[in-house]
Amino acid sequence: MSHVLKIENLQVSVGDKPILRGVNLTMNHGETHALMGPNGSGKSTLGLAIMGHPGYTVTGGSILLDGEDVLEMAPNERARAGIFMAFQRPMAIPGVKMADFLRHATTNVRRPDRKEGEDLIPMREFRKELKEKMSHLRMDPEFARRYVNDGFSGGEMKRAEILQLAMLQPKFAILDETDSGLDADAVRLASESIADIGGREKMGLLIITHHDKLLEHNPPQYTHVMLGGRIVETGGKDLAEELHRSGYDRIRKAYPDAEAANQEMIAEEAAV
Amino acid sequence: MATDISEKEQIGEINKYNFRTETHDVFKAQKGINREIVAQISEIKREPSWMRDFRLKSLEIFEQRPMPKWGGEIDIDFQDIYYYLKPTDHQGKTWDDVPAEIKETFDKLGIPEAEKKYLAGVKAQFESEVVYGSLKEELVDQGVIFTDTDTAVREHSDLVRQYFSKVIPPSDNKFAALNSAVWSGGSFIYVPPGVHIQFPLQAYFRINAESMGQFERTLIIVDEGASVHYVEGCTAPMYTSESLHSAVVEVIVNKGARCRYTTIQNWANNIYNLVTKRAYAYQDATMEWVDGNLGSKLTMKYPAVHMMEPGARGEILSIAFSSAGQHQDAGAKLVHAAPHTSGQIISKSISKNGGRSSYRGLVRVEPGAHHSKNNVVCDALILDDISRSDTYPYIEIAEQDVQIGHEASVSRIGEEQMFYLLSRGLSEAEASTMIVNGFIEPLVKELPMEYAVEMNRLIQLQMEGSVG
């Protein structure tokens, strides 16, 4: 079955500061989209707004998943509807084991109508699947017994996010700089893992990145460039390559209004 | 089918401890406290004169001492409490010997079942008296004594007299004096040199009657190189008037011995729980208090370890959970009275629905206790804007060459943590329960499995209805 995530004229503020100023983006199931742009352009904000972070207020526009109004849903309903975000800086939950957390998450996402207190996926079944996925991602089984993101290295955090992606098998996944802070080997491993999961499970991927390694293993059909809270240009794989090679100077010059908005947002952020 | 049962159980669980049993008391003293009532308690117990004199002297101290000026608000009318209530004539050696309605109470609490599964011995106290006692035969053969303190006064009087009130004298505080005057029941344990008791000994304390005061007195002596794990649980039904639980627990851990004392206190929310607990640990001995406070209206309890000789170690793990109408003023005291001693306090408190949790702790290094090491970690978690957490650490150090550490943190369940869990499909209630369980996990993993399960279940009950 084909799924569509459709974002139209999305406007988002933090407090009374507008960040996104009308974003349009349509993703089909099975497609990979790269989202690029200089710092402060609003890339993470787009991801967090799609996921429903309470700190981001949608002031206009719409997000529809297969025609359903995503903006009406709480974050956990979005997760159960099939939206996932791998965070740039995932939160530590001290004392909660990865396996326990994942069992709750997986149960809820697979049984979206589950009521409070209903049984979790049977332990044996869950363990077997988790073990398989972890071995596939070349993760030490000990990892499942560690506390969620607690004392994880940058690389471990990113791999933990990928493991969650693999277990939850969403329809659409946003990867927010899943490659940042990783060394070359780790980026390669992460890239292959994502390609592997994405390829097999056929989800729609929105990859936010500054680097080319992740995209090398996950070649995007579309590349979007954000500046000043808007997508100013969309192209194919070539656009991503060009931006890696030459940076954002051409874009900044081509869209002076968006560039001015971007500078303003950075300046405001620095002032806070 | 299985789901049906568990669902029903869950509904029942919430009120699991809140049931009353119709009983036929054998003897109920008049309400209030005076010399006559204290003398009457001593007489009924057929005590030697030294204990009677001790009680009467303690009553004088109780009457003279002012109420504590710190901690929580105590609004007790001492003349409106029953100080002694004898529920049955004799103590059962098997559960069948216990009067049916009392046995039913402990059945509901799951005590006989737990005994079969994983306990080396059990004491069950109902109101003022221990109504059931057991100890595995091989432990009896090894010279272990596990009995109620009343019986111990009669049958092991030399041993009791040597240690009784030596660790906590009646002059210690007003409530220790009150307990010394009217004490009844409690556990007496003696573990002979070199004997290791593999499974826990458990005592269960139940208050059933309204306006009932429970004043058990526990004395534990772990002789050289021996070890024991003692566990106590406490519950009571909910009444409109307040009740008082005021225990005194004294522990002596001799050279090279080890004692762990675990409490899971789940009193009803109308009970003042004002308890004095202290241990003396001698050369190379280890004393551990694991203290879980979930119930009561006000708890004031600071288990203490005095490290009396080199190599002694004291560890205190404290969990406090306070909800609406509750104040947990819990903490710990470690006194380094000898060189080369070490101690650790880990305290975790959770406040929700307007509850108040305080950590009150003392670390004292006495003159001469050089090369002492002490570390305190206290973390508080506040679940909403109407709840409160306070920290009162007292540190007194009379030596130069010591290592002292203190870390404290207060956190709220962060919006970011919550969002992270919600973004993975968890409900708000599931997410906050998970965060709370994670918060106390370092303590829960120290408990034997059965108690860890019980603790998690109690936390879950406390958490129910906390969101939305």
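Two residues are in contact here if their C-beta atoms, placed from the backbone, lie within 7 Å. The model on screen is a predicted one.

**Stop 1: His217 of chain A**

Select His217(A), which sits in helix H7, residues 213-217 of chain A. Leaving aside residues up to four places away in sequence, His217(A) touches Ser191(A), Glu192(A) and Ala195(A). Now add Arg188(A) to the selection: Arg188(A) and His217(A) are 29 residues apart in sequence, and their C-alpha atoms are 8.1 Å apart in space. Is His217(A) buried, exposed or partly exposed? It has 18 C-beta neighbours inside 10 Å, so it counts as partly exposed; 20 or more would have made it buried.

**Stop 2: the sheet of chain A**

Stay in chain A and show the strands E6, E9, E10, E3, E11 and E12. In that order, these six strands form an open sheet with mixed pairing. Strand E6 (83-86) and strand E12 (230-235) of chain A are at the edges; each has a single partner strand, so one side of each has no neighbour in the sheet. On average, neighbouring strands of this sheet are turned by 20° against each other, direction ignored.

Next, select residues 32-36 and 204-208 of chain A. These are strands E3 and E10, which pair in the parallel sense over four bridges. Within this pair, look for His33(A), which stands opposite Leu206(A) in E10(A). Then add residues 237-246 of chain A, helix H8, which packs on the sheet and touches E3, E11 (222-227) and E12 of chain A. The direction of H8 makes about 50° with that of E11(A).

**Stop 3: helix H5 of chain B**

Move to chain B and select residues 111-118, helix H5. Which residues of this helix are buried? They are Ile111(B), Ala114(B) and Glu115(B). These residues cover an arc of only 105° around the axis, and therefore lie on the same side of H5(B). In an α-helix there are 3.6 residues a turn, so residues three or four places apart point the same way.

Turn the view to the face of H5(B) that points away from its buried side: the exposed residues Glu113(B), Lys116(B) and Lys117(B) are carried there. Back on the buried side, the cover includes helix H4 (100-108), strand E3 (121-126), strand E4 (129-135), strand E7 (201-206) and helix H12 (449-463) of chain B.

**Stop 4: strand E14 of chain B**

Select residues 271-281 of chain B, strand E14. Eleven of its eleven residues are buried, so the rest of the structure largely encloses this strand. Both faces are covered. One side has Ile271(B), Asn273(B), Val275(B), Lys277(B), Ala279(B) and Ala281(B), and the other has Tyr272(B), Leu274(B), Thr276(B), Arg278(B) and Tyr280(B). In a regular strand the side chains alternate between the two faces of the sheet.

Now add the partners of E14(B) in turn:

- Strand E11 (residues 243-245) of chain B pairs with E14(B) in the parallel sense over three bridges; Ser243(B) is opposite Ile271(B).
- Strand E12 (residues 248-253) of chain B runs parallel to E14(B) and is joined to it by six bridges; Val248(B) has Thr276(B) as its bridge partner.
- Strand E16 (residues 298-301) of chain B pairs with E14(B) in the parallel sense over four bridges; Thr299(B) is opposite Asn273(B).
- Strand E17 (residues 304-307) of chain B pairs with E14(B) in the parallel sense over four bridges; Val305(B) is opposite Ala279(B).

**Stop 5: the nonpolar core**

Select Val182(B), Ile189(B), Val222(B), Val253(B), Cys259(B) and Ala281(B). These residues have the most contacts inside the largest nonpolar core, which has 212 residues. At least three residues of this core come from each of domain 1 (25-423) and domain 2 (424-468) of chain B. For a closer view, center on Val222(B): not counting residues up to four places away in sequence, its contacts include Val191(B), Ile252(B), Val253(B) and Cys259(B).

**Stop 6: the two domains of chain B**

Color chain B by its domain assignment, which gives domain 1 (25-423) and domain 2 (424-468). Taken over C-alpha atoms, the domain centres are separated by 24 Å. How many residues are in contact across the two domains? There are 27 in domain 1 of chain B and 23 in domain 2 of chain B. On the side of domain 1 that touches domain 2, H5, E13 (258-265), E15 (286-293), E18 (313-322), E20 (342-351) and H10 (415-422) of chain B each supply at least two residues. H10(B) gives the largest share of that side, four residues.

Note on methods: Residues numbered from 1 in each chain as written. Chains lettered and ligands numbered in written order. Predicted model: local features only at pLDDT ≥ 70, side-chain atom pairs only at ≥ 80, totals over all residues. Pairing = 2+ DSSP bridges. Axes fitted to C-alpha atoms, helices over the stretch in contact; angles between N-to-C directions. Buried ≥ 20, exposed ≤ 12 C-beta atoms within 10 Å, placed from the backbone. Arc of directions from axis to C-beta. Core = buried A, V, L, I, M, F, W, Y, C linked by C-beta atoms within 7 Å. Domains from an automatic or database assignment.
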